[in-house]
Amino acid sequence: MEEKSKVLVVGATGKLGRELVMASVAASHPTYALVRDLSIVSSPSSSNSDKWVLLQSFLSHGVHLLQGSFDDYESLIEAVKQVDVVICAVPSKNALEQKPLIRAIKESGCIKRFIPSEFGADPTKVQILGMDYDFYEKKAEMRQFIESEGIPHTYISCNFLMRYLLPSLVQPGLDSPPRDEIKIFGDGNTKAIFVKDCDVAKFSLCAIDDPRTLNKTLYLRPPGNICSMHELVDMWEHKIRKALRKTYISKEELLKAINGTPYPKNMDMIFIYSAFVKGDNTYFDIDSSGVEATHLYPHVRYTTVSQYLDTLV
């Protein structure tokens with residue numbers, strides 16, 4: 001039986017990071033988690049109790065904890081040399097901070113696959129460059145750096161994580177879906193894609209040893225998770241057994257609201273414009289530079305948008 005790749009997760013204590021760690025464990029990979037301060041394990045306090053509980057859970061599942069950070073290059077080298085695959089799940093705002101990690105991967109020469117922190121819309125396909133405050137430009141820059149260094153890689157394009165926008169049914173400023181009136185952006189027919197964190201992790205782990213995903217983008221487009229605003233509203237109305245009053249927000253009105261709202265409070269509207277007006281999640285067909293996850297891994301069970309909405313009723 002072929003030996004399983006050793007996997008290092010960077011950003012392991014974040015919401016997606018912890019799912020990647022547990023997906024690696026579930027797939028029987030020897031799993032390592034890079035942690036900035038391991039003293040938490042032996043010296044818990046009220047300020048770090050949640051992280052202590054998480055790290056204890058990691059340990060109970062056989063995860064190897066390694067201390068390190070982007071600010072400590074030697075710690076990155078030491079960590080990378082112990083594994084075969086590196087998955088980075090740091091927040092998107094810190095995308096450029098991955099450069100020392102990539103240099104460590106290059107210097108170590110032992111990494112057969114790197115999955116950088118993307119986990120969103122494909123930065124080479126979005127049509128809102130120049131209005132996104134460099135959100136996607138940073139990710140595109142990281143792609144260029146990875147490829148210039150000759151790092152074997154797979155990019156994960158899951159578009160929206162379900163925990164973003166979907167809990168409010170794409171209503172900026174709300175924490176839960178509306179039950180009386182809803183705003184529909186654009187014509188309501190443009191489709192976006194939502195995937196749950198744990199499912200992103202499962203598909204990502206399937207890809208790390210798959211030659212079909214080497215140096216390609218893995219697009220997550222699960223049937224049942226590709227929805228227009230009209231479809232989202234229809235699903236929600238069916239679940240709450242009530243019709244909502246609908247207000248349509250045109251492209252021009254949305255752009256006016258974006259321009260009239262200071263950063264970063266306008267970012268939700270920018271992403272809504274990208275996905276539900278411009279169609280940045282779905283306007284293009286996957287070409288030879290990419291592959292689709294559910295086609296490659298039909299065995300992976302995932303949460304559909306309808307199932308997720310059931311938890312909000």
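How much of the chain over residues 3-309 is helix and how much is strand, and how far apart are the end C-alpha atoms?

**Figure 1. Overview of residues 3-309 in the predicted model.** Over this range the chain is 36% helix and 17% strand. The C-alpha atoms at the two ends of the range are 40 Å apart. In UniProt, an unreviewed entry lists residues 3-309 under the name "domain: NmrA-like". The views that follow turn to single residues and small groups.

**Figure 2. The cis peptide bond between Tyr263 and Pro264.** The peptide bond that joins Tyr263 and Pro264 is cis, with an omega of about 5°. Pro264 is located in the loop between α9 (251-259) and α10 (267-277).

**Figure 3. Asp134, a residue with positive phi.** Although Asp134 is not a glycine, its phi is positive, at about 70°. Asp134 belongs to the loop between β5 (113-115) and α6 (135-148). Is Asp134 buried, exposed or partly exposed? Asp134 counts as partly exposed because its relative accessibility is 43%, a value in between the limits of 20% and 50%.

**Figure 4. Leu169, a buried residue with positive phi.** Leu169 is a residue other than glycine, and its phi has a positive value near 55°. The loop that holds Leu169 runs between β7 (160-161) and β8 (181-185). Leu169 counts as buried because its relative accessibility is 0%, and buried means under 20%.

**Figure 5. A negative surface patch that includes Glu78.** Asp72, Glu74, Glu78 and Glu107 form this negative patch on the surface. One of these residues, Glu78, lies in helix α4, which comprises residues 73-80. Why is Glu78 classed as exposed? The relative accessible area of Glu78 is 57%, so Glu78 is exposed; the class requires a value over 50%.

**Figure 6. Phe70 in the loop before α4, shown with Val10.** Phe70 occupies a place in the loop between β3 (64-67) and α4. With a relative accessible area of 14%, Phe70 is buried. What distance separates the C-alpha atoms of Phe70 and Val10? These two residues are 60 residues apart along the chain, and their C-alpha atoms are separated by 9.7 Å.

Definitions and conventions
Residues are numbered from 1 along each chain as its sequence is written. This is a predicted model: local features need pLDDT of at least 70, side-chain atom pairs count only at pLDDT 80 or more; totals for chains, interfaces and linings use all residues. Side-chain values use heavy atoms; hydrogens and water are left out. Helices (H or I, at least four residues) and strands (E, at least two) are DSSP runs, numbered from the N terminus. Buried means under 20% relative accessible area, exposed over 50%, partly exposed in between (1.4 Å probe, protein chains only). UniProt positions are given in the numbering used here, feature names are shortened, and annotations may be inferred rather than shown by experiment. Patches are made of residues with over 30% relative accessible area and no salt bridge: like charges are joined within 9 Å, nonpolar side chains (Val, Leu, Ile, Met, Phe, Trp, Tyr) within 5 Å. Accessible areas come from the Shrake-Rupley method with a 1.4 Å probe; for residues, only the protein chains shown count as cover. A salt bridge is a side-chain nitrogen of Lys or Arg within 4 Å of a carboxyl oxygen of Asp or Glu. Lys and Arg count as positive and Asp and Glu as negative; His and the chain ends are not counted. The place of a charge is taken as NZ of Lys, CZ of Arg, CG of Asp or CD of Glu.
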